[in-house]
Amino acid sequence: MAYDNRLEIRKVLIITLILNLFVMAIKAVVGYSTGSLSLLADALHSVTDSANNVLGLIAIKFSSPVPDREHPYGHHKFEAVGALGIAAFLGIACFEILQGAIERILKGGSTIKISGVELWLLLIVLGVNIFVAFYERNVGRRVGSPILIADATHTMSDVWVTISVLGGLIGIWWLNLQWLDVVLAFPVALLVFWSGWSVLKENLPWLVDEMAIAPETIHSIAVAVPGVINCHDIASRGVLGRQVFIEMHLIVDAPDVETAHHITEAVEQQLQQRFSPVRIIIHVEPPEYKTETISFEHQEQ
């Protein structure tokens, strides 16, 4: 039975959506009142946080682990697709930051004026962002949700953006260093790009059916079961902790179908204990099909 964690994920996404809207509003108001282009850009970056939460809620609605007629393997990949959408938003945010910084270097900008009260408001915003990032990441790891972990990564990039912008505004407020606003934009853009790449790298293997469990590990568990002679053509896909699919060919020492069935059930039980939740397909073969090839070998085209 696949673990359905969608209700808990939905609750987290709604909470973080409310907090992200609060953060976006504060940044926009302070950015408009001070004339800080970097802070207004940061507010636009925060728009992607809220958009990610909405995207996540949509993805979770369609990512049921329960199979149906049209999706006999469940709907898990909808969540991975949602995570890739977050990676796309990160790429857009990176482009916007770089574009704004270059335009300011070439065209210049108005003098930024900021008060101590406005700086304190931004510190509160920073605290909210940090809370959201750690809250989402902890729940995401506990329930095995790639979209929560991806969104937490995005929010953490927003934390670094806010720290950078806040540092520049403190320098402007204290020492009138107007150029800090532009200089700090470039490393922030690199941090945002790296966050997007990390999300992309984590979710692509799921979508392209990359190996979930080393075939040698599955082989050692199977051949340890009494009655198993040989195990080969092993394949696996999915995500450990959420849902894994395993296929294998098995040669068993059995005089009849019923005995063979009991042996394959024992193999399934061992794999369930180790990798649950997991769906297993075992193809029983006669002894002459025995082979030392555990899994599929790479073939040159």
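This is a guided tour of a predicted model, moving from its pockets to a surface patch, its salt bridges and a few backbone details.

**The largest pocket**

Begin by selecting Leu 37, Ser 38, Ala 41, Gly 100 and Ala 101, which are the closest to the centre of the largest pocket among the 25 residues that line it. The volume of this pocket is about 420 Å³. To see where its walls come from, colour helix 2 (37-61), helix 3 (77-107), helix 5 (146-175), helix 6 (180-183) and helix 7 (185-207), each of which supplies at least two residues of the lining. Helix 3 provides the largest share, with eight residues. If you then colour the lining by residue class, you will find 13 nonpolar, six polar and six charged residues.

**Asp 42 in helix 2**

Stay with helix 2 and pick Asp 42, which is found in that helix. Is Asp 42 buried or exposed? Its relative accessible area is 1%, and because buried means under 20%, Asp 42 counts as buried. A distance drawn from the C-alpha atom of Asp 42 to that of Glu 103 should read 16 Å, for two residues that lie 61 residues apart along the chain.

**The second largest pocket**

Next, select Pro 146, Glu 202, Trp 206, Val 239 and Leu 240, which among 16 lining residues are the closest to the centre of the second largest pocket. This pocket has a volume of about 330 Å³. Helix 5, helix 7 and strand 1 (228-239) each contribute at least two residues to its lining, and helix 7 gives the most, with four residues. By class, the lining consists of eight nonpolar, five polar and three charged residues.

**A nonpolar patch on the surface**

Now switch to a surface view and select Phe 22, Val 117, Leu 121 and Ile 124, which together make a nonpolar surface patch of about 360 Å². Three residues of the patch, the largest share, come from helix 4 (residues 116-143). Val 117 is one residue placed in helix 4, and at 59% relative accessibility Val 117 counts as exposed, since the cut-off for that class is over 50%.

**Two salt bridges**

How many salt bridges does a search of the whole structure find? The search finds two, and each can be visited in turn.

For one of them, show the side chains of Arg 142 and Glu 8, whose closest N and O atoms are 2.4 Å apart. The pair links distant parts of the chain, with Arg 142 in helix 4 and Glu 8 in helix 1 (residues 6-34), 134 residues apart. The two partners fall into separate accessibility classes: Arg 142 is exposed, with a relative accessible area of 55%, whereas Glu 8 is partly exposed, with 27%.

For the other, show Asp 209 and Arg 237, where the closest N and O atoms are 3.9 Å apart. Here too the pair links distant parts of the chain, as Asp 209 sits in the loop between helix 7 and helix 8 (215-223) and Arg 237 in strand 1, 28 residues apart. At 36% relative accessibility, Asp 209 counts as partly exposed.

**Backbone details worth a stop**

Keep Asp 209 selected and inspect its backbone, where phi is positive at about 60° although the residue is not a glycine. Most residues other than glycine have a negative phi, and most peptide bonds are trans.

Then move to Asp 233 in strand 1, another residue that has a positive phi, of about 50°, without being a glycine. Asp 233 is partly exposed, with a relative accessible area of 25%.

While strand 1 is in view, select Cys 231, which is also found there. Cys 231 is buried, with a relative accessible area of 1%. A C-alpha to C-alpha distance from Cys 231 to Met 248 comes to 6.9 Å, and the two are 17 residues apart in sequence.

Finish at the loop between helix 9 (257-275) and strand 3 (278-285), where Pro 277 is found. Which geometry does the peptide bond from Ser 276 to Pro 277 have, cis or trans? The bond is cis, with omega near 0°.

Terms used. Residues are numbered from 1 along each chain as its sequence is written. This is a predicted model: local features need pLDDT of at least 70, side-chain atom pairs count only at pLDDT 80 or more; totals for chains, interfaces and linings use all residues. Side-chain values use heavy atoms; hydrogens and water are left out. On a 1 Å grid over the protein atoms alone, a cavity is a set of points where a 1.4 Å probe fits but cannot get out, and a pocket is an open set with protein on both sides within 12 Å along at least five of seven lines; lining residues have an atom within 4 Å of a point. Grid points are joined across faces, edges and corners, and a volume is the space filled by probe spheres set on the points. Ala, Val, Leu, Ile, Met, Phe, Trp, Tyr, Cys and Pro count as nonpolar, Asp, Glu, Lys and Arg as charged, and the others, Gly among them, as polar. Patches are made of residues with over 30% relative accessible area and no salt bridge: like charges are joined within 9 Å, nonpolar side chains (Val, Leu, Ile, Met, Phe, Trp, Tyr) within 5 Å. Accessible areas come from the Shrake-Rupley method with a 1.4 Å probe; for residues, only the protein chains shown count as cover. A salt bridge is a side-chain nitrogen of Lys or Arg within 4 Å of a carboxyl oxygen of Asp or Glu. Buried means under 20% relative accessible area, exposed over 50%, partly exposed in between (1.4 Å probe, protein chains only).
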